[in-house]
Amino acid sequence: EVVRIPGMLENGAPMLVNSDHHLPEGYKTVELVNMRSYCDSSIVTIKGSEIAGERLAVDALLTMLRAAHADGLTVWQISAGHRSVEYQKKLFDDQVYAYRQDGMTGAQARAKTRQTVADPGASEHHLGLAFDVTVPGEQFSNTQQHIWLARHCWEYGFILRYPQDKVEITGISYEPWHIRYVGTEHSLIMRDQNLC
């Protein structure tokens, strides 16, 4: 039996999920775990009781955060993990509605929403391999955790998916908190070649 690695194409390359490459029809996650019950709460706080992730990626995340603890950075929170297409639609529609209430047209509101919220089917969060890492009560980009993550996430199979210098390529505003698990065989190459 072929072991299916979450979020990987048959050729072993990481699946690209964005506005041009929607989640494949019928895509199924492999092994989602509820992060609040699965994760050691002394290592990381899980913001919501429903936040889930692929076990493979969550295990890598915990290994990475234990290393951060060893370096003296002990406050970490996960604010988002796996999202269903239905939940992404709700997030998208709610933001469009908010912009409409501010007086934008439907087209303006959808265009503005797309800068920060992916269309349903176009979010990496559908894979269960992407996490929003935060520090409670802090602007993440101003934290030591942000600096540590940017320097070390690659060693644990994660990439910074939406860097500041790649907005024109990704079409997504800079998100220092959004990491995506691709495995070290890809993350280290992506780091060394400055890929997103």
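Which residue of β5 is the bridge partner of Gln77? Keep that one in mind while you load the model, which is a predicted one. The tour begins with the sheet.

**Stop 1: the sheet**

Select Thr134 and you have your answer: this residue of β5 is the bridge partner of Gln77. Now colour the whole of β4 (77–80) and strand β5 (residues 130–134). The two pair in the antiparallel sense, over 3 bridges.

From β4, step across to β2 (45–46). Here the direction changes: β2 and β4 run parallel, joined by 2 bridges. To find the spot, select Ile46 and look for Ile78 in β4, which stands opposite.

Next, show the full set. There are 5 strands in an open sheet, and if you walk across it you meet them in the order β2-β4-β5-β7-β6. The pairing is mixed, as a parallel and an antiparallel pair have already shown you. Look at the two ends of that walk: β2 and β6 stand at the edges with a single partner strand each, so one side of each has no neighbour in the sheet. As background, strands of a sheet pair through backbone hydrogen bonds, either parallel or antiparallel.

**Stop 2: strand β6**

Stay at the β6 edge and select residues 158–162. How many of the residues of β6 are buried? The count is 5 of the 5, so the strand is largely enclosed by the rest of the structure. What β6 lacks is a second partner in the sheet, since it stands at an edge.

The partner that β6 does have is strand β7 (residues 175–181). They run antiparallel and are joined by 4 bridges. Pick Phe158 and you will see Tyr181 of β7 opposite.

**Stop 3: Gly157 and Gln164, in the loops beside β6**

Now select Gly157, in the loop between α5 (144–152) and β6. Is Gly157 buried or exposed? It is buried, with a relative accessible area of 0%. Show its surroundings, leaving aside neighbours within four places in sequence, and you find contacts with Arg180, Tyr181, Val182, Gly183, Thr184 and Ser187. For a longer jump along the chain, add Met64: Gly157 and Met64 are 93 residues apart in sequence, but their C-alpha atoms are 9.1 Å apart in space.

Then go to Gln164, in the loop between β6 and α6 (167–170). Gln164 is exposed, with a relative accessible area of 57%. Draw a distance from its C-alpha atom to that of Glu175, 11 residues apart along the chain, and the viewer should give you 7.6 Å.

**Stop 4: helix α7 and what follows**

Select α7 (184–192). Its buried residues are His186, Ser187 and Met190. Turn the view so that you look down the helix axis: these residues fall within an arc of 95°, so they line one face of α7. What covers them includes β6, the strand from Stop 2. You have also met Ser187 already, among the contacts of Gly157.

Just past the helix, in the segment after α7, pick Asn194. Phi of Asn194 is near 55°, a positive value in a residue other than glycine. Asn194 is partly exposed, with a relative accessible area of 45%.

**Stop 5: helix α4**

Move on to helix α4 (residues 106–113) and highlight its buried residues, Gly106, Ala109 and Thr113. They cover an arc of only 65° around the axis, which puts them on the same side of α4. Bring in α3 (85–101), which is included in what covers them.

Zoom in on Thr113, which is buried with a relative accessible area of 0%. Which residues does Thr113 touch, not counting those up to four places away in sequence? They are Phe92, Gln95, Val96 and Tyr99.

**Stop 6: the largest pocket**

For the last stop, turn on the surface and find the largest pocket, with about 490 Å³ of space. Its lining has 24 residues, and the ones to select are Ala80, Arg83, Leu91, His125 and Asp132, which lie nearest its centre. Several elements from the tour come back here: β4, α3 and β7 each give two or more residues to the lining. Colour the lining by residue class and it divides into 10 nonpolar, 9 polar and 5 charged.

Notes:
Residues are numbered from 1 along each chain as its sequence is written. This is a predicted model: local features need pLDDT of at least 70, side-chain atom pairs count only at pLDDT 80 or more; totals for chains, interfaces and linings use all residues. Side-chain values use heavy atoms; hydrogens and water are left out. Buried means under 20% relative accessible area, exposed over 50%, partly exposed in between (1.4 Å probe, protein chains only). The arc is that of the directions from the helix axis to the C-beta atoms. Contact means heavy atoms within 4.5 Å. Two strands pair if DSSP finds at least two bridges between them. On a 1 Å grid over the protein atoms alone, a cavity is a set of points where a 1.4 Å probe fits but cannot get out, and a pocket is an open set with protein on both sides within 12 Å along at least five of seven lines; lining residues have an atom within 4 Å of a point. Grid points are joined across faces, edges and corners, and a volume is the space filled by probe spheres set on the points. Ala, Val, Leu, Ile, Met, Phe, Trp, Tyr, Cys and Pro count as nonpolar, Asp, Glu, Lys and Arg as charged, and the others, Gly among them, as polar.
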